[in-house]
Amino acid sequence: FSDPDLKGGEEEKSMAKMEKHYLSAVTRSLSKIVKDPSLFQYHQTASNLAIRAFRMVGIAAHSQIPEFMKSLLFLLNQPDSSNNVRDTLLDHIISLIQIMGRYMKRFRVELLQTLNTFTSQHTSLCMEMFEAISVVFSIPDFQALLQGFIPTLQRIISEECAALVAEATSEDGADQDANASYLKPPAAAALTTKGPSQGTQPTVVNKPGSGPSSVKTIKIFQVLVTIGDSLGEFRKDVLAMILDVLDNSSLPQDVRKSALCAIVNLSKEPDLREFSGKLVHCLLRFIPVAEGTVLCTIFTTLSILVCR
């Protein structure tokens with residue numbers, strides 16, 4: 001007599017082998033499509049189908065990941081890939097990290113290279129990828145990746161802050177020119193100003209905050225706060241980087257407020273003892289120009305420093 005339990009177990013194993021075989025065949029075919037330049041119109045559809053297959057099978061499909069990852073990275077690094085295509089590919093990589101978990105650590109070098117290459121132009125998605133990596137990697141593996149990623153974050157923040165300062169400087173210059181024109185005698189102003197009949201457009205002075213967006217810096221700070229417990233020995237480097245932003249009086253107040261909130265949320269007792277002197281002096285310089293909720297945040301931070 002046959003054992004029904006044994007028969008059921010054999011059937012499950014057989015089904016599992018069939019699923020693995022078909023998944024392997026499907027992902028191989030889809031990977032070939034993604035890597036074939038002549039089939040570019042099918043790249044996005046093929047990659048979407050592959051991600052759906054991986055979601056259905058789950059972590060059991062980890063052996064099929066290397067071939068598909070190579071295809072995604074190949075397409076991602078093509079010079080003629082559009083930003084929309086790269087957004088989709090980065091989103092697929094995030095999905096793979098979430099689905100496969102620790103099995104993605106074999107791609108640590110490739111993931112770091114992807115972050116260093118594309119974070120400047122695709123900040124939001126790359127920071128989401130960075131956050132997903134912090135969840136599934138072990139602490140040592142994540143910190144090894146973090147060590148290679150911090151210089152890129154510093155460069156992106158520095159470039160965006162420089163753009164914001166340059167915009168603020170140009171706005172100040174425009175305001176001074178407008179004031180100078182206003183203070184001229186009517187006759188002199190008439191000689192230097194063209195009327196509407198000459199087809200000129202009035203000068204538009206940018207309002208505060210209308211310059212380059214600070215979304216990259218703020219997004220980076222938000223993710224660093226979220227993964228704060230995984231920063232380890234790099235916490236001090238991150239805090240020093242954020243403190244430099246807070247102490248830059250030429251930056252918009254929303255950026256400096258975001259930096260202040262990040263410092264408060266990231267700091268622990270030893271960090272506060274080390275950075276408290278510079279932080280207090282920075283806040284005291286910030287108070288005379290702070291407005292509204294920013295001022296409330298400064299006073300709250302000073303209260304926290306006293307209590308700690």
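User: Is Met129 buried or exposed?

Analyst: This is a predicted model, where local features need pLDDT of at least 70, side-chain atom pairs count only at pLDDT 80 or more, and totals for chains, interfaces and linings use all residues. Residues are numbered from 1 along each chain as its sequence is written, and side-chain values use heavy atoms, leaving out hydrogens and water. Buried means under 20% relative accessible area, exposed means over 50%, and partly exposed is in between (1.4 Å probe, protein chains only). Met129 has a relative accessible area of 0%, so Met129 is buried.

User: In which helix does Met129 lie?

Analyst: Helices are DSSP runs of H or I with at least four residues, strands are runs of E with at least two, and both are numbered from the N terminus. Met129 falls within residues 123–136, the range of helix H6. The element that holds Met129 is therefore helix H6.

User: Which residues is Met129 in contact with, leaving aside its neighbours within four places in sequence?

Analyst: Contact means heavy atoms within 4.5 Å. Thr114 is 15 residues from Met129 along the chain, and their C-alpha atoms are separated by 9.9 Å. Thr114 is also one of the contacts of Met129. With neighbours within four places set aside, the list is Leu90, Ile93, Ile94, Ile97, Leu111, Thr114 and Leu115.

User: At what angle do helix H4 and helix H6 pack, and how far apart are their axes?

Analyst: Two packed helices are described by the angle between their axes and the distance between the axes. Axes are lines fitted to C-alpha atoms, for helices over the stretch in contact, and angles run from 0 to 180 degrees between N-to-C directions. For H4 (residues 83–100) and H6, the values are about 10° and 9 Å.

User: What does that angle make H4 relative to H6?

Analyst: Angles under 35 degrees count as roughly parallel, over 145 as roughly antiparallel, 65 to 115 as roughly perpendicular, and the rest as oblique. The angle between H4 and H6 is about 10°. That makes H4, relative to H6, roughly parallel.

User: By class, which residues make up the contact of H4 with H6?

Analyst: H4 contributes residues including Leu90, Ile94 and Asp87, and H6 contributes residues including Met129, Ala132 and Glu128. Ala, Val, Leu, Ile, Met, Phe, Trp, Tyr, Cys and Pro count as nonpolar, Asp, Glu, Lys and Arg as charged, and the others, Gly among them, as polar. The contact has ten nonpolar, one polar and three charged residues.

User: How many residues does the largest nonpolar core have?

Analyst: A nonpolar core is a set of buried Ala, Val, Leu, Ile, Met, Phe, Trp, Tyr and Cys residues joined through side-chain atoms within 4.5 Å. In the largest one, Leu111, Phe130 and Leu246 have the most contacts inside the core. Its largest share, ten residues, comes from helix H7 (residues 139–183). The core has 79 residues.

User: How many salt bridges does the count come to?

Analyst: A salt bridge is a side-chain nitrogen of Lys or Arg within 4 Å of a carboxyl oxygen of Asp or Glu. One of them joins Glu159 and Arg155 (3.6 Å, N to O). By this rule the count comes to four.

User: By what part of a helix are Glu159 and Arg155 separated?

Analyst: Glu159 is partly exposed at 43% relative accessible area, and Arg155 is partly exposed at 35%. Both are in helix H7, four residues apart, so their separation is about one helical turn.

User: Which parts of the chain does the pair Lys278 and Asp244 link?

Analyst: The side chains of Lys278 and Asp244 meet in a salt bridge (3.4 Å, N to O). The two residues are 34 apart along the chain. The pair links helix H12 (residues 269–286) and helix H10 (residues 235–246).

User: How far apart are the closest N and O atoms of Asp247 and Arg285?

Analyst: Asp247 is in the loop between H10 and helix H11 (253–266), and Arg285 is in helix H12. Asp247 is partly exposed, at 27% relative accessible area. The two form a salt bridge, and its closest N and O atoms are apart by 2.7 Å.

User: Of the residues of the protein, what percentage count as buried?

Analyst: The protein has 13 helices and zero strands. Its total is 308 residues, and the share that counts as buried is 39%.
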